[in-house]
Amino acid sequence: MPHSPPSHVLPSHAETVIICGGIVGCSVAYHLAKEGQEVILLERKQLTSGSTWHAAGLVSQFHGFPCITRLASYGIELMSNLEKETGQATGFKRVGATAVAMNPGRREELRRRKDVAIGQGIEVHTLTMEELSYQWPLLKTDGILEAIHFPNDGQTNPIDTTIALAKGARMAGASIFENTAALRIMAEDGQVVGVETEQGIIKANNVVNCTGIWGQAFAASNRTRLPIQHNQHFYIVTDPVPGLTDPTPVLRVYDEQAYYKEDAGKLMIGFAELNGMAWNPPKGIPHDFEFDELPYPDGHLDAVLEKCIQRVPALENAGIRTFFNGPEGYTPDGRYYLGEDPNINNLFVAAGFNSSGIQNGPGAGMVLSQWILRGHAPRDLVDVDIRRIQPHQSNTEYLAHRGPETLRETYAMHWPYKQRETMRGLRRSPIHEQLKRAGAAFGESAGWERPMWFAPEGVQAEYEYGYNRTSWFPYWEKEHHAVRRDCGLIDLSPFCKLLVEGSDAERLLQKICTNNIAVPHNRVVYTQWLNDRGGIEADVTVVRLHHDRFLVMTSAATGVADHGWLRKHRSKELDVNITDISTSQATFGISGPRARTFLSAYADVDLSNDAFPFSTSQEINLGAIPVRAQRISYTGESGWEIFVDVSFAPYLVRPEKRRDVVSDHASFSTFGSGQHPDDD
Ligand SMILES: Cc1cc2nc3c(=O)[nH]c(=O)nc-3n(C[C@H](O)[C@H](O)[C@H](O)COP(=O)(O)OP(=O)(O)OC[C@H]3O[C@@H](n4cnc5c(N)ncnc54)[C@H](O)[C@@H]3O)c2cc1C
């Protein structure tokens, strides 16, 4: 190992070992130690030497997801008191932050942002152009249509703030070991038992992974998943700019992809440029990477810098002191990861902060420490829960494309229904091509392509984004009416399907389902899974296929979490196997008042209420195709869910044979023989 061996002796045990000393790890240590936990923090080099040391230090409160806003607000309050508490200066200044709009779409976005922020209890005001000029005398206001101001946002010194958290942690009893790399997370039977370091093993009840840009590789070496892409993130620092006042609020000009921060009479200008790039060193992050930066690529920022000079003309004569390029970890959906690994009990994660770890790290550390202490999420954190990660997202090629897109999206327009462009089409329903031919405009959910609406003939299946009524509303409306008045087919193939088998399958499910699942064969039970505080963990359907075999159906987006919940409750003594069969079974909902008439034309069984009652399931044939049909529907209308082997699905659902039977709803299909009930 290139770096010198540390002289310390590590303890052999701790309640919690935190891997790494960026702002996030130090925040977890600070909060846990203050609660009296025995904490060890391991840092491979020196505290703050990863992404933290070079952050610009902007700290804002508002985020579209309320749980993120609440934690960021907590973080700002913490920062404002930390110096007093620890005696360590943090550099925190509550200078406020202003955002401006340069086009009508962005103006609408800012207005909505303001309303939502007020709804979340965040103070925000609209500024007149005079007020904006007073706040930012160096700013050219030409073309600015709207400005909103958050008076309680601020800026801080990331290194000093992190060191203050570390100091607070030490004062509360935490031990921090620098130059001590964690080599491996140790787990037995799905339970964390410790960490192997370069200096030996530390046994632990909990391990927390806060490895930042190292997260993806470190997780992979421990056979867990943490899809984080390291991207290149830039800012410049100017020489002193005459006329810059102190305090000056942080300024964000989204439409020019730039933010401005006053820093001791100089300007720090950072970017979320629309040509943002990944950083993928061929052999991974170099072993000796510490307080390092990346090469500054010539010309990459010329276009945005040009706009900055026009926006703040004083820049024309100000020299640029620093061109900075640093790596930062980005996630596929732009939200950070928090929580317990779904496959390894007591392995916790706080990572992937998308260039907002200084603002979000302190709050994330607080809430994760409560999670560790209580054994469950202390509040609704579903939007950042690590269990939303889909297995395919850890793929390096996927991340190399999707990760930089997240960076580019930071300051792009955040239209409702906006679709990601990279790495699309990876997971497709077996009838994807049919849906496409029927005019589907797709949206992505848990990596699956799902039809969001159907364009009629002569209309392109393309989104036209906007804040008003969507361009596709009339087609959507027709689908809605079709299911309400007639009958429609809904492709539910992305549903997660878990086969639970074994002599103790009933015992396990009976323990975690609120509803009774000790029912006769072929009964369908709609049920929730509750935690011991009565909170809802899952909302699923269970069908009893046999005395020792059940099928659990849940949504694609919650499949990983629900699978994890089942696994967590399967004790060693139980004879139960859980298999994810989602991709071997396609699923179609047939719903609407005429669903029975429609299906009866193909079914080889009686579908009447008496012969096929609600909440039951049968193996039947639809034309030539064997399927499992379940009398259940979530549309508010009668209906069936059809489960079919994927190999049969394209034959079963053929929109090219579609007839405009009950309406011209585009997702109608005919079954089996191609004959429609109304064909006679
Ligand atoms: C140019 C730039 C500007 C930014 N500006 C802002 C901003 O204005 N506001 C904001 O909120 N955020 C900003 N950020 C983002 C911010 O820097 C990060 O989100 C934050 O620092 C992440 O903190 P962390 O603790 O997760 O990761 P890091 O600081 O990277 O810490 C991870 C630590 O883990 C250690 N480690 C890794 N593997 C191991 C191992 N096996 N054993 C032991 N230790 C290990 C590393 O050495 C490192 O110290 C910016 C980022 C960049 C690049």
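Helices and strands here are DSSP runs, numbered from the N terminus. I keep that beside me while I look through this predicted model.

**Entry 1: a proline in a loop**

I went to Pro 247 and found it in the loop between S12 and strand S13 (250-253). I then checked the peptide bond that leads from Asp 246 into Pro 247. That bond is cis, and its omega is near 5 degrees.

**Entry 2: the whole chain**

I counted the secondary structure of the protein chain and got 15 helices and 30 strands. Next came the radius of gyration, which is 28 Å. The globule rule gives 26 Å for 680 residues, and the value for the chain is close to that, so the chain is as compact as a globular protein of that length. I also took the spans of the C-alpha trace along its principal axes, which are about 85 × 65 × 45 Å. Of the 680 residues, 56% are buried.

**Entry 3: around the ligand**

How many residues surround the ligand? I found 36, and the closest are Cys 20, Glu 43, Ser 51, Thr 52 and Glu 328. I sorted the shell by class: 17 residues are nonpolar, 16 are polar and three are charged.

Which elements each supply at least two residues of this shell? They are helix H1 (23-34), strand S12 (229-238), strand S16 (320-330) and helix H8 (357-374). S12 is also the strand before the loop of Pro 247.

I looked up polar backbone atoms beside ligand oxygens. Ile 358 has one 2.9 Å from an oxygen atom of the ligand. For Val 24 the distance is 3.1 Å. For Ser 356 it is 3.4 Å. The ligand on its own has 1,000 Å² of accessible area, and the protein covers 98% of that.

**Entry 4: cysteines**

A disulfide is a covalent bond between the sulfur atoms of two cysteines. I searched the whole structure for disulfides and found zero. Cys 26 is in none, and its nearest cysteine sulfur, that of Cys 20, is 8.7 Å away. Cys 26 counts as buried because its relative accessibility is 0%, under the 20% cut-off.

Cys 210 is in no disulfide either. Its nearest cysteine sulfur also belongs to Cys 20, at 4.9 Å. That pair fails because a disulfide needs the sulfur atoms within 2.5 Å. Cys 210 has a relative accessible area of 8%, so I noted it as buried.

**Entry 5: two asparagines**

I looked for positive phi in residues other than glycine. Asn 179 has a phi of about 50 degrees. It sits in the loop between strand S8 (175-177) and strand S9 (182-188). Its relative accessibility is 27%, so it counts as partly exposed.

Asn 522 has a positive phi too, near 70 degrees. Its loop runs between helix H12 (505-512) and S23. Asn 522 is partly exposed, with a relative accessible area of 28%.

**Entry 6: Thr 527 and Arg 437**

Strand S23 (residues 524-530) holds Thr 527. Is Thr 527 buried or exposed? It is buried, at 3% relative accessible area. Its side chain makes a polar contact of 3.2 Å with the side chain of Thr 514.

Arg 437 lies in helix H10 (residues 432-437). With a relative accessible area of 55%, Arg 437 is exposed, because the cut-off is over 50%. I then compared Arg 437 with Met 452, which is 15 residues apart from it along the chain. Their C-alpha atoms are separated by 14 Å.

Note on methods: Residues numbered from 1 in each chain as written. Predicted model: local features only at pLDDT ≥ 70, side-chain atom pairs only at ≥ 80, totals over all residues. Heavy atoms only, no water. Near = heavy atom within 4 Å. Polar contact = N/O pair within 3.5 Å; in protein donor to acceptor, adjacent residues only side chain to side chain. Areas by Shrake-Rupley, 256 points an atom, 1.4 Å probe, with all protein chains shown as cover. Helix = DSSP H or I, 4+ residues; strand = E, 2+ residues; numbered from the N terminus. Nonpolar A, V, L, I, M, F, W, Y, C, P; charged D, E, K, R; others polar. Buried < 20%, exposed > 50% of the residue type's maximum accessible area, 1.4 Å probe, protein only. Rg over C-alpha atoms; globule rule 2.2 N^0.38 Å.
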